[in-house]
Amino acid sequence: MANTLGIIKPDGMRRKLAGRIIDKVERAGLIIRGTKVLWLDRERAEKFYAVHQGKPFYKSLVEFMTSGPIMVLVLGGHGAIERWRELMGHTDPAKAKYNTIRREFGTSIEKNVVHGSDSETTAKVEVAFFFREDEILPKE
Ligand code: CDP
Ligand code: MG
């Protein structure tokens, strides 16, 4: 029943895809437990993606993620972490299955529209990166 972190990246926000992505989230039965819109500065983006530091795509990724506003979401429900990853699709939109968000809307391996935590440990850290406890609806 762990929550996960979803992000609609700057490409998704710029292209006004938030509504269509949230529609898919709700149709998939995921529960929105928190959300906000914000604009990451370089320092915050570097910290969020620290695990990728030193990789060839890191600098460009940080540039991209600071290029405009993002929407962050706390998503819950049974198997939310895996289900959100499944709904997003493969990192590379060209390799993602049909009916996934990245397949439908992604334009490159970098500009792939959405982020999702990849494990329970990561989800905890990533949700706490953006949300205080009192900004998240309880699981009841
Ligand atoms: O987002 P996901 O967990 O599927 O992939 P990741 O390997 O954790 O990479 C994080 C993000 O870096 C991706 O979502 C892409 O935006 C970007 N990336 C890239 O630009 N080039 C790559 N070869 C791999 C990832
Ligand atoms: Mg990842």
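This is a short walk through a predicted model, stop by stop, with something to select at each one.

**Stop 1: the sheet**

Switch to cartoon view and colour the strands. You should find 4 of them in an open sheet, ordered β2-β3-β1-β4, with antiparallel pairing. The edges belong to β2 (31-38) and β4 (114-116), each of which pairs on one side only. Turn the sheet so that you look along it, and you can follow a twist that averages 20° from one strand to the next.

**Stop 2: strand β1**

Now select residues 4-8, which make up β1. How many bridges join this strand to β3? There are 5, linking β1 to residues 70-76, and the two strands run antiparallel. To see the register, show Thr4 and Leu75 of β3, which stand opposite each other. Then add Gly6 and its bridge partner in β3, Leu73.

On to β4: 3 bridges join β1 to this strand, again in an antiparallel arrangement. Pick Ile7 here, and its bridge partner in β4 turns out to be His115. Keep that histidine in mind, as there is a stop for it below.

Before you leave β1, turn on its side chains. Thr4, Gly6 and Ile8 point one way, while Leu5 and Ile7 point the other way. Are these residues buried or exposed? Both sets are buried, so the count for the strand is 5 of 5 residues.

**Stop 3: a helix across the sheet**

Select residues 80-88 to light up helix α5, which lies across β1, β3 and β4. Compare the direction of α5 with that of β4: the helix runs at about 155° to the strand.

**Stop 4: His115**

Back to the histidine you met from β1. His115 lies in strand β4 and is buried, with a relative accessible area of 9%. What does His115 touch, leaving out residues up to four places away in sequence? Select its contacts in groups. From β1 you get Leu5, Gly6 and Ile7. Also in the list are Lys9, Phe48, Tyr49, Trp84 and Met88. Arg102 and Glu126 complete the set.

**Stop 5: ligand 1**

Centre the view on ligand 1 and show the residues around it. Among them are Lys9, His52, Phe57, Leu61 and Arg85. Thr91, Arg102, Ile109, Glu110 and Asn112 are there as well.

Three distances are worth drawing in the viewer:

- Thr91: an N or O atom of its side chain is 2.5 Å from an oxygen atom of ligand 1.
- Asn112: a polar side-chain atom lies 2.9 Å from a ligand oxygen.
- Arg102: here a polar side-chain atom lies 3.0 Å from an oxygen atom of the ligand.

Arg102 may look familiar: it is also one of the residues that His115 touches.

**Stop 6: the two sides of α2**

Select residues 18-27, helix α2, and show the side chains of Ala18, Ile21, Lys24 and Val25, which are buried. Why do they sit on the same side of α2? Their arc around the axis is only 130°, and that puts them together on one side. Spin the helix to the face turned away from them, where you will find the exposed residues Gly19, Glu26 and Arg27. Just after α2, click on Gly29, where phi is positive at about 85°.

**Stop 7: two loop residues with positive phi**

Most residues other than glycine have a negative phi, so this stop is about two that do not follow that pattern.

Lys16 comes up in the loop between α1 (10-14) and α2. Its phi is positive, about 60°, although the residue is not a glycine. Lys16 is exposed, with a relative accessible area of 70%.

For the other one, go to Asn99, in the loop between α5 and α6 (101-105). Phi there is near 70°, again positive in a residue other than glycine. With 67% relative accessibility, Asn99 counts as exposed.

**Last stop: Met1**

Finish at Met1, in the segment before β1. Leaving out residues up to four places away in sequence, Met1 touches Gly77, His78 and Lys139. For a last distance, draw a line between the C-alpha atoms of Met1 and Lys111: the two residues are 110 apart along the chain, and these atoms are separated by 29 Å.

Notes:
Residues numbered from 1 in each chain as written. Chains lettered and ligands numbered in written order. Predicted model: local features only at pLDDT ≥ 70, side-chain atom pairs only at ≥ 80, totals over all residues. Heavy atoms only, no water. Pairing = 2+ DSSP bridges. Axes fitted to C-alpha atoms, helices over the stretch in contact; angles between N-to-C directions. Contact = heavy atoms within 4.5 Å. Buried < 20%, exposed > 50% of the residue type's maximum accessible area, 1.4 Å probe, protein only. Arc of directions from axis to C-beta. Near = heavy atom within 4 Å. Polar contact = N/O pair within 3.5 Å; in protein donor to acceptor, adjacent residues only side chain to side chain.
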